[in-house]
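Welcome! Take a moment to turn the model around on your screen, and then we will walk through it together, topic by topic.

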Amino acid sequence: MPSIAVVGMQWGDEGKGKVVDLLSEQALHIVRAQGGNNAGHTIVAKGVEYRFHLIPSGIISPHTKCYIGGGTVIDPKSFLEELSALTAHGIHFEERLFLSRYAHVVLPYHRLLDQLSEKAKGSAAVGTTGRGIGPCYADKTQRHGIRITDLCHPASFRHQLERLLPAKNEQLHHLGAPALALSEIYEEYAGYAESLKSYVAPVEELLYAAAKKGENILFEGAQGALLDITFGTYPFVTSSCTLAGGVCSGAGVGPSRINQTIGVAKAYTTRVGNGPFPTELTEEELACFPGHGAAREIGTTTGRKRRIGWLDTFLLRHTCALNGVDALAITKLDILDSLDSIKICTGYENTRSFPARIEELKGAKPFYETLPGWRRSTTGIESYKDLPPQAKAYVRRIEELCETPIGIISVGPEREKTLWLDRFF
Ligand code: IMP
């Protein structure tokens with residue numbers, strides 16, 4: 001299996017980073033194809049915690065080459081800060097990190113417009129990460145964007161800014177913000193261009209050559225299926241295609257290059273930001289659930305507490321289909337260790353199709369099955385056969401309801417806290 005896509009099955013934060021990190025031991029090339037620094041992956045390897053936003057988390061395996069595809073949006077300042085933080089951990093990037101010329105640049109007005117327009121929406125706000133991702137993708141589709149290739153050519157960059165900034169300043173003015181000075185943006189971003197230009201490369205050609213040679217490629221999804229711009233819980237979604245299909249358009253590879261898709265889902269459900277969440281825990285249920293700190297349910301990017309709910313297999317069946325998932329990776333099973341009983345959603349009242357209309361999803365009434373908890377720690381367990389019988393029953397029920405085999409179970413943040421039911425690559 002020379003190439004695998006790893007994608008999120010829920011609303012992001014499923015633990016894709018850990019799965020990518022595990023698989024990256026056998027992959028030579030790791031690719032991020034969409035999104036920007038709205039994403040956040042935390043990985044614990046050899047006792048060190050790494051935080052990733054834009055750079056593929058596979059970079060911590062020293063033999064890998066990592067790529068950031070043309071479908072991403074890059075905040076140069078954040079990119080360079082992430083590089084510095086990882087360099088401080090002893091990670092080296094020379095000849096290992098490649099940034100597509102086609103990626104779009106997140107500029108200061110994107111961030112401001114994101115934050116101000118969210119404020120102006122009041123209770124209708126999406127709850128974005130405020131990183132400027134939506135306005136940057138909007139500019140891309142409106143043909144008002146600036147790409148990495150333009151940023152790296154000073155004259156072209158200045159010319160584009162001169163053309164675009166007046167309209168952006170007008171938008172800022174409508175939202176009550178002062179105008180931005182062209183010279184300041186130019187100076188600052190031309191400086192970033194100098195620092196990042198050594199990473200800019202023809203990513204698409206490099207990936208084509210790697211695929212031709214039959215080398216293992218791992219595509220690292222960001223966010224999750226329900227945040228997809230088309231099939232997610234619109235408008236409470238991100239601005240890119242978060243599905244396995246988006247990997248091709250974002251990385252610049254053909255669909256025949258993806259041999260297998262692994263869908264990552266938490267053993268329960270979380271979401272950050274606003275929007276409907278049918279299986280969200282009641283206050284009473286939340287009080288019995290491990291706290292946000294213990295469950296590690298505080299966002300890596302924004303520090304927000306994530307909303308928590310029961311596992312929704314109606315949703316998962318839908319997202320397995322949207323992604324063509326071959327195997328599921330179930331993460332954070334250990335977080336359920338202390339519960340007396342665990343609910344699992346099998347469907348919603350009065351519908352056989354996953355609702356598209358947001359009002360319908362808001363009013364959805366889940367059907368639940370209640371399974372007994374196992375009430376003992378699973379974090380030290382090294383093999384599936386040693387899981388408590390109730391935990392095995394929970395996992396098998398997920399497989400049945402999702403009609404998809406489970407290949408990986410994670411019982412802790414560290415690499416070794418992984419139960420392999422199948423081998424990939
Ligand atoms: P944006 O991507 O910042 O525009 O935010 C749009 C929605 O996607 C908000 O609900 C965010 O909380 C959510 N979102 C974006 N990136 C992530 C992620 O990596 N994990 C979880 N939620 C995300």
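**A guided look at the strands and domains**

Let's begin with one pair of neighbours: strand S15 (residues 327–331) and strand S18 (residues 406–410) run parallel to each other and are joined over three bridges. Within this pair, Leu328 sits opposite Ile406 of S18. Please keep in mind that you are looking at a predicted model. Strands in a sheet are held side by side by backbone hydrogen bonds, in either a parallel or an antiparallel way.

**The sheet of 10 strands**

- S15 and S18 belong to an open sheet of 10 strands, which you can trace in the order S9-S7-S5-S2-S10-S1-S11-S15-S18-S19.
- The pairing in this sheet is mixed.
- Which strands stand at the edges? They are strand S9 (200–201) and strand S19 (418–420); each has a single partner strand, so one side of each has no neighbour in the sheet.
- Strand S2 (residues 29–32) and strand S5 (residues 65–68) run parallel, with four bridges joining them.
- To find this pairing on your screen, look for Ile30, whose bridge partner in S5 is Cys66.
- S5 is also joined to strand S7 (residues 97–100), again in parallel, by three bridges.
- Here a good landmark is Ile68, which has Leu99 in S7 as its bridge partner.

**The sheet of three strands**

- Another open sheet has three strands in the order S14-S16-S17, and its pairing is mixed.
- Strand S14 (311–312) and strand S17 (366–372) are at the edges with a single partner strand each, so one side of each is left without a neighbour in the sheet.
- How many bridges link strand S16 (residues 341–348) to S17? There are seven, and the two strands pair in the antiparallel sense.
- One place to spot this pairing is Tyr348, whose bridge partner in S17 is Pro366.
- As you look along any regular strand, remember that side chains alternate between the two faces of the sheet.

**Two backbone details in loops**

- Between strand S10 (217–220) and helix H9 (244–251) there is a loop that contains Pro235.
- The peptide bond leading from Tyr234 to Pro235 is cis, and its omega is near 10°.
- Another loop, between strand S1 (3–8) and helix H1 (16–23), holds Asp13.
- Asp13 is not a glycine, yet its phi is positive, at about 65°.

**How the domains are laid out**

- The protein is divided into domain 1 (3–100 + 200–257), domain 2 (104–196) and domain 3 (265–420).
- Notice that domain 1 is written as two stretches, 3–100 and 200–257.
- The centres of domain 2 and domain 3, taken over C-alpha atoms, are 37 Å apart.

**Where domain 2 meets domain 3**

- Six residues from domain 2 and five residues from domain 3 take part in the contact.
- Together the two domains bury about 390 Å², with 38% of that area on carbon and sulfur atoms.
- Which residues of domain 2 lose the most area to domain 3? They are Gly127, Thr129 and Arg131, which together make up 68% of what that side buries.
- On the side of domain 2 that touches domain 3, two residues are nonpolar, three are polar and one is charged.
- Across this interface there are zero salt bridges, but three residue pairs are in polar contact.

Terms used. Residues numbered from 1 in each chain as written. Predicted model: local features only at pLDDT ≥ 70, side-chain atom pairs only at ≥ 80, totals over all residues. Heavy atoms only, no water. Domains from an automatic or database assignment. Contact = heavy atoms within 4.5 Å. Buried area = accessible area lost by both parts, 1.4 Å probe. Salt bridge = Lys/Arg side-chain N within 4 Å of Asp/Glu carboxyl O. Polar contact = N/O pair within 3.5 Å; in protein donor to acceptor, adjacent residues only side chain to side chain. Nonpolar A, V, L, I, M, F, W, Y, C, P; charged D, E, K, R; others polar. Pairing = 2+ DSSP bridges.
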